[in-house]
Amino acid sequence: MMKSLQILKISAPFINSPLNDIFNKSMLSGTFPTRLKYAIVKLLLKKGDKENVANYRQISLLTSFSKVLEKMIYDRLLKYSETNNIIAIEQFGFRTSSSTEKASYKLIDDILNVLHNRMVVGGMFCDLQKAFNCVNHNILLTKLEFCGITEITYKLIKSYLQGRYQRVVLNNRSSSSCSKWGEITHGEPQGSIFGPLHFLFYIKDLLQKTNEYSKIALFADGTSVVITNPNPSNFGKTC
């Protein structure tokens with residue numbers, strides 16, 4: 001059976017012009033098409049007991065047209081963030097020319113430098129569970145506006161976040177069952193083009209909570225903090 005993306009590629013010469021018109025009008029008006037805001041959610045078992053819902057990852061299957069439009073907006077938002085240095089260099093996740101190896105190298109290098117200077121060193125390692133589900137739309141929009149994303153672009157992203165619907169589809173060997181459509185009022189679709197970049201904007205303020213005795217390395221929803229102090233008796237106060 002031919003997948004929707006394959007059909008899209010084959011049909012490109014015939015649908016290119018109307019799609020350009022729709023997408024250009026969407027970006028000029030600041031309105032994300034309503035029909036592109038519906039997602040089918042599949043549940044993938046990560047680990048542990050199959051009967052425990054918390055052990056499943058929610059993957060949102062979005063339409064191919066939605067991802068094309070998302071990519072157009074994503075490229076412009078990413079270029080803006082890089083030009084204005086909005087996303088800190090300490091963030092290694094969801095970025096080009098970055099990797100877990102580079103994040104690990106920075107963390108180890110920070111620790112070794114502290115030990116070389118004969119200082120007390122400790123660490124805090126945090127992992128945010130179901131990170132994309134934690135994104136509050138109002139807080140995200142406020143942060144985007146604070147970063148200078150206003151007017152039509154702000155309106156377009158707000159339109160993308162609001163009025164979204166999803167339903168869960170369970171595939172069994174003999175049948176397929178699904179839930180009713182429900183509106184998404186919190187979180188980002190796991191599997192979207194936009195989601196990772198929105199999440200980086202959402203957590204970028206974590207770096208403002210550090211001081212001269214702490215260094216931080218971020219990789220997506222994982223946070224590693226190296227804590228130091230020249231005076232062992234004050235080490236606890238630093239934490």
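## A covered helix

Let's start with helix α6, which spans residues 195-203 and is mostly covered. Of its nine residues, nine are buried. Reading along α6, the buried residues are Gly-195, Pro-196, Leu-197, His-198, Phe-199, Leu-200, Phe-201, Tyr-202 and Ile-203.

What do the buried residues of α6 pack against? They have three partners: α2 (64-83), α4 (137-146) and α5 (151-161).

## The whole protein, and how far to trust it

Keep in mind that this is a predicted model. The protein's mean pLDDT is 82, with 90% of the residues reaching 70 or more. Confidence is highest in α5, at 93. At the other end sits helix α7 (residues 235-238), where confidence is lowest, at a mean of 58. Where pLDDT is low, the predicted coordinates should not be read in detail.

Stepping back, the protein has seven helices and eight strands. It runs to 239 residues, and buried ones make up 35% of them. Now take the contacts with a separation of 6 or more: 65% of those in the protein come from residues 24 or more positions apart.

## The largest pocket

Next, the open spaces. The largest pocket has a volume of about 530 Å³, and 27 residues line it. Which of them lie nearest its centre? Those are Arg-57, Lys-130, Ala-131, Asn-133 and Gln-190. Two elements give two or more residues to this lining, β2 (56-61) and β6 (182-184). Strand β2 gives the most, with four residues.

As for chemistry, the lining of the largest pocket is a mixed bag: ten residues are nonpolar, nine are polar and eight are charged.

## A cavity by the covered helix

How many cavities of 30 Å³ or more does the structure hold? It holds one. The largest cavity has a volume of about 40 Å³. Its lining consists of Ile-87, Ala-88, Gln-91, Leu-200, Ile-203, Lys-204, Leu-207 and Leu-218. Two of those names, Leu-200 and Ile-203, should ring a bell, since they were listed among the buried residues of α6.

Sorted by class, the cavity lining has six nonpolar residues, one polar and one charged.

## A closer look at Ile-59

Back to strand β2, where Ile-59 has its place. Is Ile-59 buried or partly exposed? Its relative accessibility is 21%, so Ile-59 counts as partly exposed. The cut-off for buried is under 20%.

Leaving out residues up to four places away in sequence, Ile-59 touches Ile-40, Val-41, Lys-42, Leu-44 and Gln-190. Gln-190 also turned up earlier, as one of the residues nearest the centre of the largest pocket. Then there is Leu-43: it and Ile-59 are 16 residues apart in sequence, and their C-alpha atoms are 6.3 Å apart in space.

## Cysteines

How many disulfides does the structure hold? The count is zero. Two cysteines can still be described by their surroundings. Cys-147 has a relative accessibility of 12%, so it counts as buried. Cys-178 comes in at 47%, which means that it counts as partly exposed.

Notes
Residues numbered from 1 in each chain as written. Predicted model: local features only at pLDDT ≥ 70, side-chain atom pairs only at ≥ 80, totals over all residues. Heavy atoms only, no water. Disulfide = S-S within 2.5 Å. Buried < 20%, exposed > 50% of the residue type's maximum accessible area, 1.4 Å probe, protein only. 1 Å grid on protein atoms, 1.4 Å probe; cavity = no way out; pocket = protein on both sides within 12 Å on 5 of 7 lines; lining within 4 Å. Points joined across faces, edges and corners; volume = space filled by probe spheres on them. Nonpolar A, V, L, I, M, F, W, Y, C, P; charged D, E, K, R; others polar. Contact = heavy atoms within 4.5 Å. pLDDT = per-residue confidence, 0-100.
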